[in-house]
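Me: I am new to this structure and would like to learn how to read it feature by feature. Could we go through it slowly together?

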Amino acid sequence: MINVALPKGRLGEKVYRMFEEAGYECPSVLSGSRKLIFENTEKGVRYFWVKPSDVAIYVERGAADIGAAGKDIIEEYRPDIYELLDLRVGKCRMAVAAKKDFRDDHESTLRVATKFRRIALDYYASRSRDIDIIELNGSIELAPILGLSDVIVDIVETGNTLLENDLIPIETVFPISARLIANKSAFQFKSREIEGLKQALADVISRKE
Ligand code: PRP
């Protein structure tokens, strides 16, 4: 049995559809019930719905053998896992954004609001820029508007949230998409099953492109 952690929500549904197309269907997964665990013993697969930011923890600790996690989560938490495949869904980017009139004077410490502390610290360290991190849990776009920060480091997908709040993206930190990740020891013990699933998913992706 392969245990799969799926990120709850729209991205997880897309990812499940890919598993289904790859031959690992379990229709009750999309039943909309409050149930969190679903299995298809015939196909040898068990799915769990978990909070997107928790997928990497389930996989790292072996509660799930594999899972789908955004590159943002992988970069922020650096879990000790294998990244097996770019699933090419959930595409967006990590970006720096600011008010339209923002000019970086490069002299004072830059105030950066974000949910992604490590990503922001690494990004500015690589540019030798002193920053003051303001960690928030959501609605990050408010910070520069209210003068709480100079810039934000956050996910941009359509760009609508920035646009509607009069902010503009000024730099891309890295592109994001969902990745298939595996627990390191499960990858040894269930190598045949996991490799088979990875190959079937890779075939689904190449048929789409
Ligand atoms: C994410 C991100 C941006 C928004 C970007 O927020 O933090 O606010 O989506 O998407 P867009 O470019 O398509 O507008 P999320 O919905 O996860 O909420 P939160 O960060 O405010 O909790």
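Me: In which strand is T114 found?

Reply: Please keep in mind from the start that this is a predicted model. T114 belongs to strand 7, which spans residues 110-114.

Me: How should I read burial here, and is T114 buried or exposed?

Reply: A residue is called buried when its relative accessible area is under 20%, and exposed when that value is over 50%. T114 has a relative accessible area of 0%, so T114 counts as buried.

Me: Which residues does T114 touch, leaving aside those up to four places away in sequence?

Reply: With those set aside, T114 touches A120, I133, I134, E135, L136, I140 and V153. There is also a polar contact to read, since the side chain of T114 reaches the backbone nitrogen of F116 at 2.8 Å.

Me: Which residues are around the ligand?

Reply: The residues around the ligand are K115, G138, S139, E141, D154, I155, V156, E157, T158, G159, N160 and T161. By character, this shell divides into 2 nonpolar, 6 polar and 4 charged residues.

Me: Which element supplies the largest share of the shell around the ligand?

Reply: The largest share comes from strand 9, with 3 residues. Strand 9 (151-156) and helix 6 (160-164) each supply at least two residues of the shell.

Me: Which atoms of D154, E157 and T161 lie by an oxygen atom of the ligand?

Reply: For D154, an N or O atom in the side chain is 2.7 Å from an oxygen atom of the ligand, and for T161, a side-chain N or O atom is 2.4 Å from a ligand oxygen. For E157, in contrast, a backbone N or O atom lies 2.8 Å from an oxygen atom of the ligand. As for cover, the ligand on its own has 500 Å² of accessible area, and the protein covers 65% of that.

Me: Where does S139 lie, and what is its phi?

Reply: S139 lies in the loop between strand 8 (131-135) and helix 5 (142-145), and its phi is positive, at about 45°, although S139 is not a glycine. S139 counts as exposed because its relative accessibility is 53%.

Me: Where is D166, and what is its phi?

Reply: D166 is placed in the loop between helix 6 and strand 10 (167-176), and its phi, near 55°, is a positive value in a residue other than glycine. With a relative accessible area of 49%, D166 is partly exposed.

Me: How many disulfides does a search of the whole structure find?

Reply: The search finds 0 disulfides. Two cysteines can still be read for burial: C26 counts as buried at 2% relative accessibility, and C92 is buried with a relative accessible area of 18%.

Conventions. Residues numbered from 1 in each chain as written. Predicted model: local features only at pLDDT ≥ 70, side-chain atom pairs only at ≥ 80, totals over all residues. Heavy atoms only, no water. Disulfide = S-S within 2.5 Å. Buried < 20%, exposed > 50% of the residue type's maximum accessible area, 1.4 Å probe, protein only. Near = heavy atom within 4 Å. Polar contact = N/O pair within 3.5 Å; in protein donor to acceptor, adjacent residues only side chain to side chain. Areas by Shrake-Rupley, 256 points an atom, 1.4 Å probe, with all protein chains shown as cover. Helix = DSSP H or I, 4+ residues; strand = E, 2+ residues; numbered from the N terminus. Nonpolar A, V, L, I, M, F, W, Y, C, P; charged D, E, K, R; others polar. Contact = heavy atoms within 4.5 Å.
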